[in-house]
Amino acid sequence: MATASTTTGFIRLLRALLIPFLALLAALLAGAAVMLLSGDDPLAAYSGLFQGAFGDGKSWARTIRKTVPFVLTGLSVALAFKVGLFNIGASGQFVIGSVFAVAVGINFDGLPAFIHLPLALLAGIAGGLLWGAIPGVLKVYTGAHEVIVTIMLNYVASLLGGWTVYAGGTQGQTPGPLWDRTAGAISETPDVLSSAQLPWLFGPPYRVHYGIFLALAAAVLIWWLIFKTPLGFEMRTVGHNMRAAHYAGIRVNYTIVLAMALAGGLAGLAGAIETLGLNHKFAPEFGGAVGFDGITVALLGQTHPIGVLLAAFMFGALDGGAAAMQFESGVPADIIQIIQALVLAFVAAPLIIRMIFRLRRQTHGDAGSAVSTSWSGP
Amino acid sequence: MTRYQPAAAQQPAGAPPKLEVLNITKLFPGVVANKNIDLALNKGEILALLGENGAGKSTLMNIIYGLYQPTEGQVQVDGRPVELHSPRDAIDLGIGMVHQHFQLVPVMSVVDNIMLGSESVDRGLLDRESVSAQIRELAERYNMPVDPNAVIEDLPVGVQQRVEILKALYRQADILILDEPTSVLTPQEIEGLFEVMELLRNQGKSIIFITHKLKEVLRVADRIAVLRRGEMVGEADPAAVSQQDLASLMVGRKVTLEVEKEPANAGEVLLQLRDIEAFTDLGEHALRGVSLDVRAGEIVGVAGVQGNGQTELVEVITGLRQAAAGSVLISGQDMTNASPRRITEEGAICHVPEDRHMYGMVDAYSVADNLVLSSYYKRPFSSGLTMNEQAIAQHAEELVARFDVRTPSVRNSGASLSGGNQQKMVVAREFGRPIRLLVAAQPTRGIDVGSIEFIHSQIVAKRDEGVAVLLVSYELDEIMALSDRIAVMFHGRISAVLPRRDATREQVGLLMAGAGVANEPASQ
């Protein structure tokens, strides 16, 4: 019985991965077509891309380094999605998380690392939680749609982050509270104290920090939360059928706010890890593009934590190999962004993928019964 | 199986039937919806198509109306094979269909709705004048009075249905398919519809009347065809069969139609409603001072036409809707506007919701998860931190067996079950725990005779255990069969409460239509 259920689970996993895999394939083919149109050699480009992502130790290190934030922002979007919410705000939550983590990281000199580092990480999570909770609260109390509010809050976060490190102006404007006084006209924070830095798993030239373990742990934790706990049951019920959730006695409003806050916390953790592990400071340009990519990663991963891990790894490899591809083949690295955008388009439009690859609609289980309810409906 | 030719049929001798389906088979993935069906409809007859939900009635009609293509077989009109690729083809062949859920635009007028899709144009402008005249003429000929300029949403449901029939007649339909047309009507409106159907038949129209209500079939049909599990299992002469025979033919085994129960042994008041006021989501005044008591060990049936406040009443009791005024006492405790969770727990109440898809279940969840929807957080299903999948599965196996929910396994999704089994799943969950008060809204909506029999017996069993039962149903038969007392709702008020033994169908039907209600504008 246990074997039977794992087999069906495995087959279900393969089925779930089919569309994302084909979407990625279609995006790579379309990318190749673009290269052919502009007179480039797609084979050389993709070979360079592969070399750049997995060619040697340093490539692997780069891929892993790039994967980490994608995992967390992807989880952020996926978690909200399970509750029926569209978190477009991972970008802003990422920025706020970075700022909070740095604020703790550059202060409290003399704290031992085993207190300072967790404190800075928690500060990042708290910043994201707070920023994520705002759209949740506004949705519950005013009906404001979380998509609109999170988009607006991205701008607010970006400007707020910029202000905290503002270098001051030539006319004597007040500099931001986190600005590094020794940086002259450059708007950035001082370096995070070494007691708050995430240690290297593999030091330079590899530069892989322990953040990868935090990301993996977060994926497992979120999987456990969603699928194994009563709280996750409540979240999924709200996501599937809000009325049924209300009927079942679930506090729908509380669940919505909590889910948005947790989603924000994940994106905030991504920001904290990037600043404490890699950049060691915050500057306005360390921003939230990775937050937007979280949407693609979540959808490519079918909003399942394990799927998100795989999708984040794909994106890490694409980003990691892009520079090498340009160097090896002369194809501009921007093509990678086109491919990533096409992945989103194809994942969001599974019908196109079904058409291209001539897949039939699923004929088993639920899809079949959807048809049967339509002919036997009340 | 005998072919019966009713006296009323105006079929010329030797002429082909008006409509004939030959050897129709329709396969859906994993399901045979129709299997080798032969059916003929003569000119000037009312053919009742009887069958449980999921028997394949709607599929067959959708094939005739061009919405589905048959996997095998042929449709003939006047003896000629026809190709039906869309409803447009069917309309052109004189086939009209009145769907269970009306296909009308509520904000548009009768005339606009009737000409929608086949607009009559005069010099580039809509020619409402001449269409209105045609509607008036049709309305008079078939005795279906309606004002062409009235706006649909202002009209009672029975009149909206007339508009649907007129729309089909305006498009010159000779064959009318009426899909469960009586489910939305009061008893008086149903009788009116039957008179219209007879008039149409006498003027040469052919009617297919789809239903699962046996009494209506015997009242109006010239001939009865019964479908079961996608196959035609028999034809019958309404003059020669009983409801019991038809029910057994539909279900495939002997069924009891009467609910057997002892007189109620009513105890203390468990549910006490006082002067409840409430509004719909759109701000309409839905409950206007409702007071009602339900005692332990009795079934109080709330009768009424849909939309007279029953939905809101159930929602207020169960905590899903705020009461604007008044009080709800459950077992003596004030539960006015308490949370659904508190009402469920402290009130020991269970709720079979009116719309199972909207409230009662999560389609994407497994049967097992659906069965713990209102108890997932309790031991043994949850330790507080994690869910216990084994306990949930075991609980599901027990309930599925006890309540005869037919599913390949408890891991299958709720959506994959048939309507009757989904309802049994909801009932299993709600009845399967200790309760003092049962609120059942439309507990047998859209399910088959066999399941109805089962659910009714379960409700009576709960009553006999001393549970107070509030039953809301739009089916007068269900109210009459189960209730110990009957409360009639009209325009947000309880207009009368009658002991069952003093109530007659006619009396309740009149009360449902607003008779005997003072200070109330007449129903539109």
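# Two chains, strand by strand

Let's start with B:Ala348, which sits in the loop of chain B between helix H10 (340–346) and strand S18 (349–352). Helices (H or I, at least four residues) and strands (E, at least two) are DSSP runs, numbered from the N terminus. The phi of B:Ala348 is near 45°, a positive value in a residue other than glycine. B:Ala348 has 17 other C-beta atoms within 10 Å, so it is partly exposed. For that term, 20 or more other C-beta atoms within 10 Å make a residue buried, 12 or fewer make it exposed, and anything in between is partly exposed, with C-beta atoms placed from the backbone.

A quick word on what we are looking at. This is a predicted model, in which local features need pLDDT of at least 70 and side-chain atom pairs count only at pLDDT 80 or more, while totals for chains, interfaces and linings use all residues. Residues are numbered from 1 along each chain as its sequence is written, and chains are lettered from A and ligands numbered from 1 in the order in which they are written.

B:Ala348 has company. B:Ser331 is another non-glycine residue with a positive phi, near 50°, and its place is the loop between S16 and S17 of chain B. B:Ser331 also counts as partly exposed, because it has 18 C-beta neighbours inside 10 Å.

That loop brings us to a sheet. Which order do its strands take? The sheet is open, with four strands of chain B in the order S14-S13-S16-S17 and antiparallel pairing; strands pair if DSSP finds at least two bridges between them. At the edges stand S14 (285–295) and S17 (333–334), each with a single partner strand, so one side of each has no neighbour in the sheet. Helix H9 (residues 310–318) of chain B packs on this sheet and touches S13, S14 and S16 (325–330), its direction making about 60° with that of S14(B). Angles like this one run from 0 to 180 degrees between N-to-C directions, and axes are lines fitted to C-alpha atoms, for helices over the stretch in contact. Between S13 (residues 269–279) and S14(B) there are eight bridges in the antiparallel sense, and one of the matches is B:Val269 with its bridge partner B:Arg295 in S14(B).

Now please turn to another open sheet in chain B, again four strands with antiparallel pairing, in the order S2-S1-S4-S5. Here S2 (31–41) and S5 are the edge strands, pairing on one side only. On average, neighbouring strands of this sheet are turned by 30° against each other, direction ignored. Helix H1 (residues 57–64) of chain B packs on the sheet, where it touches S1, S2 and S4, and its direction makes about 120° with that of S1(B).

In the middle of that order, five bridges join S1 (residues 19–28) to S4 (residues 72–77) of chain B, and the two run antiparallel. B:Glu20 stands opposite B:Gln76, and B:Leu22 stands opposite B:Gln74. On its other pairing, S4(B) is joined by three bridges to the antiparallel S5 (residues 80–82) of chain B, with B:Val75 opposite B:Val82. S4(B) and S5(B) make a hairpin with two residues between them, and B:Asp78 in the turn has a positive phi of about 50°. Before S1 of chain B comes the segment that holds B:Ala15, which counts as exposed because only 11 C-beta neighbours lie inside 10 Å.

What about the interior? The largest nonpolar core has 255 residues, and those with the most contacts inside it are A:Ala259 and B:Phe209. Such a core is a set of buried Ala, Val, Leu, Ile, Met, Phe, Trp, Tyr and Cys residues joined through C-beta atoms within 7 Å. Helix H10 (residues 252–279) of chain A gives the most to this core, 15 residues. Beyond its neighbours within four places in sequence, B:Phe209 is in contact (C-beta atoms, placed from the backbone, within 7 Å) with residues including B:Ile46, B:Leu49, B:Leu178 and B:Val220.

Over in chain A, H5 (residues 113–142) and H6 (residues 146–164) pack at an angle of about 145°, with their axes 9 Å apart. Among the residues that meet there are A:Trp131 and A:Leu138 in H5(A) and A:Val149 and A:Leu153 in H6(A). H5 of chain A also holds A:Leu122, whose C-alpha atom is separated by 9.5 Å from that of A:Val104, 18 residues apart along the chain.

Where are the cis peptide bonds I'd like you to look at? One runs from A:Pro204 to A:Pro205, with omega near 5°, and A:Pro205 lies in the loop between S1 (200–202) and S2 (208–209) of chain A. Another runs from B:Arg379 to B:Pro380, with omega near 0°, in the loop where B:Pro380 sits between H12 (367–370) and H13 (389–402) of chain B. Thanks, everyone!

Notes:
Contact = placed C-beta atoms within 7 Å.
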